[in-house]
Amino acid sequence: MKPIRILMAKPGLDGHDRGAKIVARALRDAGFEVVYTGIRQTPEMIVETAIQEGVDAIGVSILSGAHNVLLPKITNLLKKKGVKKLIFAGGIISDEDIKFLKRKGIAKIFTPGTSTSEIIEFLKKSFI
């Protein structure tokens, strides 16, 4: 069975990437293939990289507060290109915003304090 490929992305002007790097490493240690984009990516760059790399899912780490703009933009760009990807995100995101983002196509939001094992289990269950 081929490994599940995950794109880890940091959209917008947020320069804090420690969490994304921790998740990326945990996913690699769990057997996933991980492509990390680095910081300050546009939604367009994230979508293009996801398509070029042939990933199964996109993980977005966002702490800038722009999640209600940037995450739906990613889902809309994927739809326009006719590409379906599982999208999950992590950051400081309110319950109200989580409900909004789920309606916009984000499969799961992980908030501070979530263990990497919970993220790994979510992804494994999503692709079994």
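Let's start with a pair. Asp17 forms a salt bridge with Lys21, and their closest N and O atoms are 3.3 Å apart. Keep in mind that this is a predicted model. Now, how covered are the two partners? Asp17 is buried, with a relative accessible area of 17%. Lys21 is partly exposed, at 46% relative accessibility.

Next pair. Glu48 and Lys81 bring their side chains together in a salt bridge, 2.9 Å from N to O. Where do they sit? Glu48 is in helix α2, residues 43–53. Lys81 is in the loop between α3 (67–80) and β4 (86–90). The two are 33 residues apart in sequence, so this salt bridge ties together separate parts of the chain. On exposure, Glu48 counts as partly exposed at 32% relative accessibility. Lys81 is also given as partly exposed, at 45%.

Now a network. Arg5, Glu33 and Glu53 are joined into one by salt bridges that share partners. How many salt bridges does a search of the whole structure find? Six.

Let's take one link of that network. The side chains of Glu33 and Arg5 meet in a salt bridge, at 2.6 Å from N to O. What does the pair tie together? Glu33 lies in strand β2, residues 33–36, and Arg5 in strand β1, residues 5–9. That is a separation of 28 residues in sequence, so the pair links distant parts of the chain. Glu33 is partly exposed, with a relative accessible area of 33%.

Stay with Arg5. Is Arg5 buried or exposed? Buried, because its relative accessibility is 18% and the limit for buried is under 20%. Which residues does Arg5 touch, leaving out those up to four places away in sequence? The list is Glu33, Val35, Glu53, Gly54, Val55, Asp56 and Ala57. So both of its network partners, Glu33 and Glu53, are on the contact list of Arg5. One more distance here. The C-alpha atoms of Arg5 and Ile58 are separated by 8.8 Å, and these residues are 53 apart along the chain.

Over to the loop between β2 and α2. Arg40 is in this loop. What stands out in its backbone? Arg40 has a positive phi of about 60°, although it is not a glycine. Arg40 is partly exposed, with a relative accessible area of 48%.

Gln41 lies in that loop too, between β2 and α2. Is Gln41 buried or exposed? Buried, with a relative accessible area of 11%. Which residues does Gln41 touch, again leaving out those up to four places away in sequence? Lys10, Pro11, Gly12 and Ile46.

Last stop, the surface. Which residues gather in a patch of positive charge there? Lys79, Lys84, Lys99, Arg103 and Lys104. Let me pick out one of them. Lys99 is placed in helix α4, residues 95–103. At 56% relative accessibility, Lys99 counts as exposed, because the limit for exposed is over 50%.

To recap. Arg5, Glu33 and Glu53 share one salt-bridge network. Glu48 and Lys81 tie helix α2 to the loop between α3 and β4. Arg40 carries the positive phi. And the positive patch on the surface includes Lys99. That's my tour. Thanks.

Terms used. Residues numbered from 1 in each chain as written. Predicted model: local features only at pLDDT ≥ 70, side-chain atom pairs only at ≥ 80, totals over all residues. Heavy atoms only, no water. Patch = residues over 30% accessible without salt bridge, like charges linked within 9 Å, V, L, I, M, F, W, Y side chains within 5 Å. Areas by Shrake-Rupley, 256 points an atom, 1.4 Å probe, with all protein chains shown as cover. Salt bridge = Lys/Arg side-chain N within 4 Å of Asp/Glu carboxyl O. Lys, Arg positive; Asp, Glu negative; His and termini not counted. Charge placed at Lys NZ, Arg CZ, Asp CG, Glu CD. Helix = DSSP H or I, 4+ residues; strand = E, 2+ residues; numbered from the N terminus. Buried < 20%, exposed > 50% of the residue type's maximum accessible area, 1.4 Å probe, protein only. Contact = heavy atoms within 4.5 Å.
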